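Here's a quick back-and-forth over a model. Have a look at it before reading on.

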Number of protein chains: 2
Amino acid sequence: MAGFKGQAEYSVDSKGRVAVPAKMRSVLKPEAKSTFTLTRGFEKCIFGYPQDRWEEMEDDMSTLNTYVTKSRDFIRGILMWAEEVSLDGQGRIGLPKPLIEFADIKDRALIIGALDHIEIWNPEHFEAYLKSQEVDYQTLAESVMGRE
Amino acid sequence: MAGFKGQAEYSVDSKGRVAVPAKMRSVLKPEAKSTFTLTRGFEKCIFGYPQDRWEEMEDDMSTLNTYVTKSRDFIRGILMWAEEVSLDGQGRIGLPKPLIEFADIKDRALIIGALDHIEIWNPEHFEAYLKSQEVDYQTLAESVMGRE
DNA sequence: CCTTCGGTGGGGAATTGTGGGGAAAATTCC
DNA sequence: GGAATTTTCCCCACAATTCCCCACCGAAGG
């Protein structure tokens, strides 16, 4: 299963639209119906899941026990930000206002592919995120994948 | 399984294209479909995995739990640089701009075979890398392979 | 000496990103 | 309840980039 990958910096027009890179569009399965569900990221950015993948996530969430407060909080935290958006004829999506504010997106957006989802960042905030990393990439790779 | 080996220094043209050495092309399996996925190396260079090998790596990544911050950081770190490129009719690949900047590739590139992937270096940076090695080659070999 | 293979360079066509205009729908105000 | 205004959506047009194809040149091999 090919996943999303790559990076691209595009402009956000006055109507809040951004192009989805052609390389990422081509990864979309027919089942996704050219639709993403956007929601807040775990970092200060927007996550976009293709429709088919999002439905799996909803299924996962529905297995949580909603009598547990933490589970309820989690579900609320994701879903209150979630919104379905479809590609227009030019391969763009419109970013919902609440998410624009959350991720503090201005006139430029950095889009990066992350396997099962895409991420939309304010380029400056992404820069800051990289600098805030405690460990460098080599060390990180070794600690995540380096077990034998 | 025959792996990539050898080295070659080629020119990078104004469009960012480099030839893949014929010896390395001949190692490509049909499953790789004449396609490499390039991404950042652990050092200041570009790694290129043949498509079949890359898919295995994606499978490995997809087993990581993306609710764990470190895993997310790692996936982002690899995939934001990753891009699929195919050989053109002349056996060349085009290097994506972000990777050219990352590896600081100018008009010449050194291509090294490294078993399951190829590496593309700025020849000068490779020289510097060799000098920066703390331990000499004999000692290194002993510490990696010398345990009985 | 001729042929084949491997690396280098450039030109044209199709794709992709960007901006804006107008119709339909929703919202607000009177 | 109806009209005016705003918002949303869809479509068209331009410009830049990328991709694909063709041509050349030198080296190696028969």
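What follows is a student and a tutor talking through a predicted model.

Student: Which element of chain B gives the most to the side that touches chain A?

Tutor: Start with the whole contact: 28 residues of chain B meet 30 residues of chain A. On the chain B side, strand 3 (35–40), helix 2 (51–62), helix 3 (69–79) and strand 5 (83–86) each supply at least two residues. The top contributor, with 10 residues, is helix 3.

Student: How much area do chain B and chain A bury between them?

Tutor: On the chain B side, B:Phe74, B:Arg76 and B:Met80 lose the most area, together 26% of what that side buries. Carbon and sulfur atoms carry 62% of the area buried between the two chains, and that area is about 2,600 Å².

Student: How many salt bridges cross that interface?

Tutor: One of the pairs to look at is A:Glu43 with B:Arg72, whose side chains come to 2.9 Å, N to O. A salt bridge needs that kind of distance to be within 4 Å. Across the interface of chain B and chain A, the rule finds 5.

Student: Which kind of oxygen of DNA strand C does the side chain of A:Arg17 approach?

Tutor: Compare some arginines here. A:Arg25 puts a polar side-chain atom 2.2 Å from a phosphate oxygen, and B:Arg25 has a side-chain N or O atom 2.6 Å from a phosphate oxygen. For A:Arg17, the distance is 2.9 Å, and the partner is a base oxygen.

Student: How many charged residues are in the surface near DNA strand C?

Tutor: 23 residues surround the strand, A:Tyr10 and B:Lys15 among the closest. That surface has 8 nonpolar and 4 polar residues, and the charged ones number 11.

How values were computed: Residues numbered from 1 in each chain as written. Chains lettered and ligands numbered in written order. Predicted model: local features only at pLDDT ≥ 70, side-chain atom pairs only at ≥ 80, totals over all residues. Heavy atoms only, no water. Contact = heavy atoms within 4.5 Å. Buried area = accessible area lost by both parts, 1.4 Å probe. Helix = DSSP H or I, 4+ residues; strand = E, 2+ residues; numbered from the N terminus. Near = heavy atom within 4 Å. Polar contact = N/O pair within 3.5 Å; in protein donor to acceptor, adjacent residues only side chain to side chain. Nonpolar A, V, L, I, M, F, W, Y, C, P; charged D, E, K, R; others polar.
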